[in-house]
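Here's a quick tour for anyone new to reading protein structures. Have the picture open beside you and look up each spot as we get to it.

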Amino acid sequence: MAEPKRLPTSIATVCLSGPLPDKLEAAAAAGFDGVEIFENDLLTYDGTPAEVRSICEGLGISVTLFQPFRDFEAMPEPQRARNLDRAERKFDTMQALGAGLVLVCSNVQPAALDDPARAAADLHEMAERAARRGLRVCYEALAWGRHVNRWRQAWDIVRQADHPALGLCLDSFHTLALGDDLSALAGTVPAEKVFFLQLADAPRLSMDVLSWSRHHRLFPGQGELPVADFLRDLFAAGWRGTLSLEVFNDEFRAAPSRRIARDGLRSLLWLQEQVGEAPLPALPELSGIEFVEFAVDGAAREELGRLLGGLGFRRAGIHRSKDVELWRSGGANLVLNAEPDSAAAERFEQIGPSVCAMAFRVDDPARVVARAEALRYPVWRERIGAGERRIPAVRAPDGTLVYLVEDPARGARPIWEDDFRLLGGEAAGGGLLGIDHAAQAVAPGMIDSFVLFYRSLFGLSPDAPWELPDPYGLVRSRAFVSPDGSVRLPLNVSESTRTVTGRFVSALAGAGVHHVAFAAEDVAAVADGAAAAGAPLLDIPANYYADLGARFGLDDEALMALSRRHLLYDRDASGGEFRHAYTHAFRERFFLEVVERRGGYGGFGAANAGVRIAAQRRAARTAGPLSEGV
Ligand code: MG
Ligand code: MG
């Protein structure tokens, strides 16, 4: 598919990590057309503004804005005269930089006068001086401005100042954070007076707006603010121009600049689709997880096979040309990949046995690939043997491959039939229903990349975050669930490397699947099968069951039925029930879960996570090596 028609893009250097030249290179490499030069990035750079200009020229990017110019308007003398001198000096810098536009944000000084007419006169004077040099000025209402914090106030001042070199800067964060919007813009502000647009999203937090803005801004689509509505209102007013990102985020500034810059560009492609400007290939319809693939070697495969056998899986197929096995129980498929010189082998060498791929069932894999390419997510095509099917895949932010397969339930030919020699027989009792969820452990700096990946490529938005207590720190969890519940992807984030999640993150070298849960018709039968196979599930303390009885009013018989099978239990407000059990951790890399949902229960048993974590810690202490360094 051809590159969608889109508006020019820009990113503020403050969004990215590293010294200024690295930021510029990352922005250019991601495909931005321009950059806002944040003054502090220039102050800490040991080259001249002219050198910055020539770096930008060499990279083929423009300087869209120089910012910020603070605390300018409506100051008493002698500060007023000093501010005009300061402006002249910054104009010198701008000319050397090749920046034609400067951002003046509303004054926050206690000494600033509450006098819109004075503010207008001062901005008129500044615009007049700028115009003499062929420069322009835009004025932005900071959400915490002393006297001006709304775009209407900023517009009143710009209108009164009435200078062709003075216009507005609109910033989605400053407007939306105050619960304001741009619905009144059309008919109020002529589109050509909006000189600049800055876009940022954010999570909804209850904190002072300045700290919220300085530390928690996100790219559009990563947070919870109605940024698409904001842009729609601006377009409705007839505005078209450069879409520029201005995000202050501590994690972004600590992360590799190229990943963050790529995410930024993707967020603008996604946002333009949201407002109907530059459509992307349509979102897929998801209908389940067809398989999860583990990277193993011969020894890990044997050991994992024993763990899986306890849950009722059996070896169901052998790949025709590769050292790959299909393990299956009912509708749950697992691929154990020991093929040298493959994506799986690469993963195995880096981090040992781990989940290296998942496959989503989608309505049209080719369209998802086209969408991924349009959003610039890397697409992977595995080397195949003669007569084998090529299954396209995209890479998630942690490098996990997400294969895209047509749903056999919609009449597509199952992928297994071409590539595998299927072994006969079926597990007793019909086996598991399928893969209920695949949970990922994610380092704090990676979560926003995942949010954008699942939202922009697959249309999944995360549930409200919840927090899990771990004896050694907090784990934050967010789940992506497809509309019909067929794909469930919880993400667990830990800042502490001492939490179980944190240790999975470090074992997985950044991020990866830390547990896979299978759906069962009858989890008690699976647990009994595991006990019979000599593969006991994770032991749960008696105190847990005593509390369950107290919380849910379960009788002794029901509690006994749960406790002797090591089953955990949860019930939601509408009476939906959840029974589930865990295996021990497999070589500290991941663990497995079996779940039974009844009555429309949609959660993950979050209330039980603390008990699971403590049980895994105890199990690890008795097993030995897991406890080291903790
Ligand atoms: Mg701004
Ligand atoms: Mg789970």
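Right after helix α12, G352 takes a positive phi of about 85°. The helix that leads up to this glycine covers residues 343–351. Keep in mind as you click around that this is a predicted model. Below are some spots to visit, sorted by topic.

**Around helix α12**

- Which residues of α12 are buried? They are A343, A344, A345, R347, F348 and I351.
- G352 then follows just after the helix, with that positive phi.

**Magnesium ion, ligand 1**

- Four residues of the protein act as donors here: E140 (OE), D171 (OD), Q198 (OE1) and E246 (OE).
- Those donors lie 2.1 to 2.2 Å from the ion.
- Read along the chain, the donor residues have the spacing E-x30-D-x26-Q-x47-E.
- Q198 sits in strand β7 (residues 194–199), while E246 is in the loop between β8 (243–245) and α10, so this pair ties together parts that are 48 residues apart in sequence.
- Is Q198 buried or exposed? It's buried, because its relative accessible area is 0%, and anything under 20% counts as buried.
- E246 is buried too, with a relative accessible area of 3%.

**Magnesium ion, ligand 2**

- This ion has H437 (NE2), H515 (NE2) and E593 (OE) as its protein donors, lying 2.2 Å from it.
- Along the chain, the spacing pattern goes H-x77-H-x77-E.
- H437 belongs to strand β18 (residues 434–442) and H515 to strand β22 (residues 511–519), so to speak two distant parts of the chain, 78 residues apart, that the pair links.- H437 counts as buried, at 1% relative accessibility.
- H515 is buried as well, with a relative accessible area of 6%.

**Helices α10 and α15**

- Two packed helices are described by the angle between their axes and the distance between the axes.
- For α10 (residues 257–274) and α15 (residues 447–458), the angle is about 30° and the axes are 11 Å apart.
- That angle makes α10 roughly parallel to α15, because angles under 35 degrees count as roughly parallel.
- The crossing of these two helices is left-handed.
- Who makes the contact? On the α10 side look for R259, D263, R266, S267 and W270, and on the α15 side for S449, L452, R455 and S456.
- Sorted by type, the residues of this contact are two nonpolar, three polar and four charged.

**A closer look at D263**

- D263 is part of helix α10, and it belongs to the contact with α15 described above.
- Is D263 buried or exposed? At 3% relative accessibility, D263 counts as buried.
- If you skip residues up to four places away in sequence, D263 touches F219, Q222, Y377, S449 and L452.

**Helices α18 and α19**

- Helix α18 (residues 542–552) packs against helix α19 (residues 556–563) at an angle of about 145°, and their axes are 10 Å apart.
- α18 passes α19 in a right-handed crossing.
- Y545, L548 and G549 of α18 meet L559, L562 and S563 of α19 in this contact.
- By type, the contact residues divide into four nonpolar, two polar and no charged.

**P203 and its surroundings**

- Where is P203? You'll find it in the loop between β7 and α8 (209–216).
- P203 counts as partly exposed, at 21% relative accessibility.
- P203 and L225 are 22 residues apart along the chain, and their C-alpha atoms are separated by 7.0 Å.
- Leaving aside neighbours within four places in sequence, P203 is in contact with W212, H216, L218, G223 and E224.

**L84 and its surroundings**

- L84 is found in helix α4 (residues 79–97).
- With a relative accessible area of 5%, L84 is buried.
- Not counting neighbours within four places in sequence, L84 is in contact with F72, E125, M126 and R129.
- L84 and Y545 are 461 residues apart in sequence, and from C-alpha to C-alpha they are 72 Å apart in space.
- Y545 is one of the α18 residues in the contact with α19.

Definitions and conventions
Residues numbered from 1 in each chain as written. Chains lettered and ligands numbered in written order. Predicted model: local features only at pLDDT ≥ 70, side-chain atom pairs only at ≥ 80, totals over all residues. Heavy atoms only, no water. Axes fitted to C-alpha atoms, helices over the stretch in contact; angles between N-to-C directions. Helix = DSSP H or I, 4+ residues; strand = E, 2+ residues; numbered from the N terminus. Parallel < 35°, antiparallel > 145°, perpendicular 65-115°, else oblique. Left-handed = near helix turned anticlockwise from the far one by under 90°. Contact = heavy atoms within 4.5 Å. Nonpolar A, V, L, I, M, F, W, Y, C, P; charged D, E, K, R; others polar. Donors = N, O, S within 2.8 Å, 3.2 Å for Na, K, Ca; no water. Buried < 20%, exposed > 50% of the residue type's maximum accessible area, 1.4 Å probe, protein only.
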